[in-house]
Amino acid sequence: MATVTSDDDVLTTPALDTEAVNLLQMISNEGGYAYVSMSTRAANGDLRAAEAAREMAWEQLHSGPWHSVLPVWRDAYSMACLYVAKFHYRNREFVEALRVLDMGLIMGGMLLRKDLELAVGKATERANDLVRVSDESVVNGGDNHKLVTNQNEINMIQVLQILPKKSLSCKLVSKRSALSLEGFMRDYFLSGSPVLLSDSMTHWPARTKWNDLNYLKRVAGYRTVPVEVGKNYLCNDWKQEMLTFSDFLERIRANGPDVPTYLAQHPLFDQIQELRNDIVIPDYCFAGGTEMKSVNAWFGPAGTVTPLHHDPHHNILAQVVGKKYVRLYPASLSEELYPHTESMLKNSSQVDLDNIDPDEFPKFQDLEFMDCILEEGDMLYIPPKWWHYVRSLTTSLSVSFWWSASPSSPTS
Ligand SMILES: O=C(O)CCC(=O)C(=O)O
């Protein structure tokens with residue numbers, strides 16, 4: 001008897017169907033004959049061949065620095081992920097399919113992105129349907145489902161013991177409530193001065209939704225995300241891992257004595273549409289004839305540290321859940337901040353603010369800085385090239401918006 005396959009059992013991949021022949025030709029041109037052979041077998045439903053093709057593309061992605069990887073290999077990786085996911089989906093292994101699709105979204109190219117997104121939508125729906133019947137992962141009762149509660153109120157005496165020396169004793173970043181775009185341009189953007197902007201994100205759905213573990217698990221629990229584990233990216237024991245968002249949230253909740261797990265500088269909102277719908281690009285990011293460069297998530301437990309560094313873009317760092325301490329030094333003090341000399345780390349300071357060595361870095365000692373505590377609902381404007389050090393004081397979910405001003409803007 002012939003097996004009947006309904007549309008529901010198949011992941012449709014319109015872009016892959018149209019682009020496969022061309023893409024395989026381009027991969028052949030780069031000498032990827034083994035990949036082409038495996039991928040052709042994968043298209044006929046051979047899982048092992050699909051896994052092998054994915055492995056081959058993965059090796060290519062890791063064959064040198066990221067910027068030197070040929071874009072065709074990123075598309076090849078997405079292609080193989082789609083073949084593997086199609087197989088799992090047909091077998092009703094929806095969580096497994098999602099894991100592979102997310103890897104395609106995170107590591108793959110743009111050519112087949114629409115297919116990956118379409119497939120994620122279908123697989124998420126099917127995975128949630130299965131779980132709705134018996135949901136054991138939902139956290140019930142009281143405040144248990146909250147990431148941050150009133151009990152997490154910070155004690156300033158304790159906080160000052162954790163923060164770098166002299167914190168909150170110099171100049172505080174000025175704070176403005178519900179500042180207009182014109183006011184922002186006139187008083188801060190044009191002069192390149194930091195400002196703390198309060199009461200400008202009350203309308204974000206994220207402000208009411210993201211402090212709820214049940215919500216986050218429901219919309220993103222099965223999704224795979226890259227996280228950083230270790231004191232910070234300048235330390236030797238620092239590493240990256242891939243985790244499901246659910247497992248990541250559990251780690252945040254457990255936040256034991258070990259080193260923190262930080263979902264840092266990840267374009268989560270390109271990956272997870274439901275979370276994208278919860279945030280709003282602040283009007284301030286339209287200052288200067290904008291080009292949006294990236295919107296990144298910074299999610300983690302208390303105690304994450306982003307060491308002193310600077311970025312080339314204008315930045316609004318929006319605090320959705322929890323609190324962070326931020327310290328800022330102007331670009332004019334760069335020399336006294338001892339930037340690393342290797343090209344990859346040139347934008348990071350050698351000075352560890354949590355353990356300053358005055359003999360090694362004598363010029364650093366008496367530098368003036370500005371700092372602030374970024375409270376839930378606050379946004380901090382960090383002008384381009386301003387050095388910043390950030391430490392989370394509670395579990396914290398923040399979003400950064402990086403943009404560049406048009407070349408004709410006085411601040412570009
Ligand atoms: O929140 C953090 O830990 C760091 C944020 C940051 O460095 C940025 O937005 O550029």
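Start with the largest nonpolar core of this predicted model. It has 68 residues, and the ones to select are L263, I316, L328, L380 and Y381, which touch the most other members. Keep I316 highlighted and bring up its partners. Setting aside residues up to four places away in sequence, I316 touches P282, Y284, C285, M379, Y381 and F401. Now look for the other core: a second, separate one of 39 residues, with W73, Y89, L116 and Y222 among its members. As background for both stops, nonpolar side chains in soluble globular proteins tend to be buried together.

Stay with Y222 from that second core. Where does Y222 sit in the chain? Y222 is in the loop between α10 and β4, the latter spanning 224-229. Despite the loop address, Y222 is buried, because 23 other C-beta atoms lie within 10 Å and 20 or more is the cut-off for that label. Show its contacts beyond four places in sequence and you get V95, L98, T124, A127, T244 and S246. Try a distance label on the last of these: the C-alpha atoms of Y222 and S246 are 6.5 Å apart, with their positions 24 residues apart along the chain.

S246 also takes you to the next stop, since S246 is one of the α11 residues in the contact with α10. Select helix α10 (residues 213-220) together with helix α11 (residues 245-254). Their axes come within 9 Å and cross at roughly 155 degrees, so the two helices are roughly antiparallel to each other; the cut-off for that description is over 145 degrees. Which residues make the contact? From α10 pick L213, L216, K217 and A220; from α11 pick F245, S246 and L249. Colour the contact residues by type and you should find five nonpolar, one polar and one charged.

Next, go to the ligand. Around it, select W298, T304, T306, D311, N315, L317, H388, V390, S398 and S400. Which strands should you trace here? Take β9 (314-321), β13 (387-392) and β14 (396-404), each of which supplies at least two residues of the shell. By type, the shell residues divide into three nonpolar, six polar and one charged.

From S400 in that shell, you can step to N296, because S400 is one of the contacts of N296, and N296 is buried, with 20 other C-beta atoms within 10 Å. N296 belongs to strand β7 (residues 291-300). Besides S400, its contacts outside four places in sequence are Q265, H266 and P267. For a longer line across the model, label N296 to S167: 26 Å from C-alpha to C-alpha, at 129 residues apart in sequence.

Move on to Q265, found in strand β6 (residues 261-266). Check its backbone: phi is near 50 degrees, a positive value in a residue other than glycine. Q265 is partly exposed, with 17 other C-beta atoms within 10 Å. A178 is another one for the phi check, with a positive value near 45 degrees in a residue other than glycine. A178 is in the loop between β2 (175-177) and α8 (181-189), and A178 is exposed, having 10 other C-beta atoms within 10 Å.

Finish at N44, in the loop between α2 (33-43) and α3 (47-61). Is N44 buried or exposed? N44 is exposed, with 9 other C-beta atoms within 10 Å. Draw one last line from N44 to A264: their C-alpha atoms are separated by 39 Å, and the two residues are 220 apart along the chain.

Key
Residues are numbered from 1 along each chain as its sequence is written. This is a predicted model: local features need pLDDT of at least 70, side-chain atom pairs count only at pLDDT 80 or more; totals for chains, interfaces and linings use all residues. Axes are lines fitted to C-alpha atoms, for helices over the stretch in contact, and angles run from 0 to 180 degrees between N-to-C directions. Helices (H or I, at least four residues) and strands (E, at least two) are DSSP runs, numbered from the N terminus. Angles under 35 degrees count as roughly parallel, over 145 as roughly antiparallel, 65 to 115 as roughly perpendicular and the rest as oblique. Two residues are in contact if their C-beta atoms, placed from the backbone, lie within 7 Å. Ala, Val, Leu, Ile, Met, Phe, Trp, Tyr, Cys and Pro count as nonpolar, Asp, Glu, Lys and Arg as charged, and the others, Gly among them, as polar. A residue is buried if 20 or more other C-beta atoms lie within 10 Å of its own, exposed if 12 or fewer, and partly exposed in between; C-beta atoms are placed from the backbone. A residue is near a molecule or strand if its C-beta atom, placed from the backbone, lies within 6 Å of it. A nonpolar core is a set of buried Ala, Val, Leu, Ile, Met, Phe, Trp, Tyr and Cys residues joined through C-beta atoms within 7 Å.
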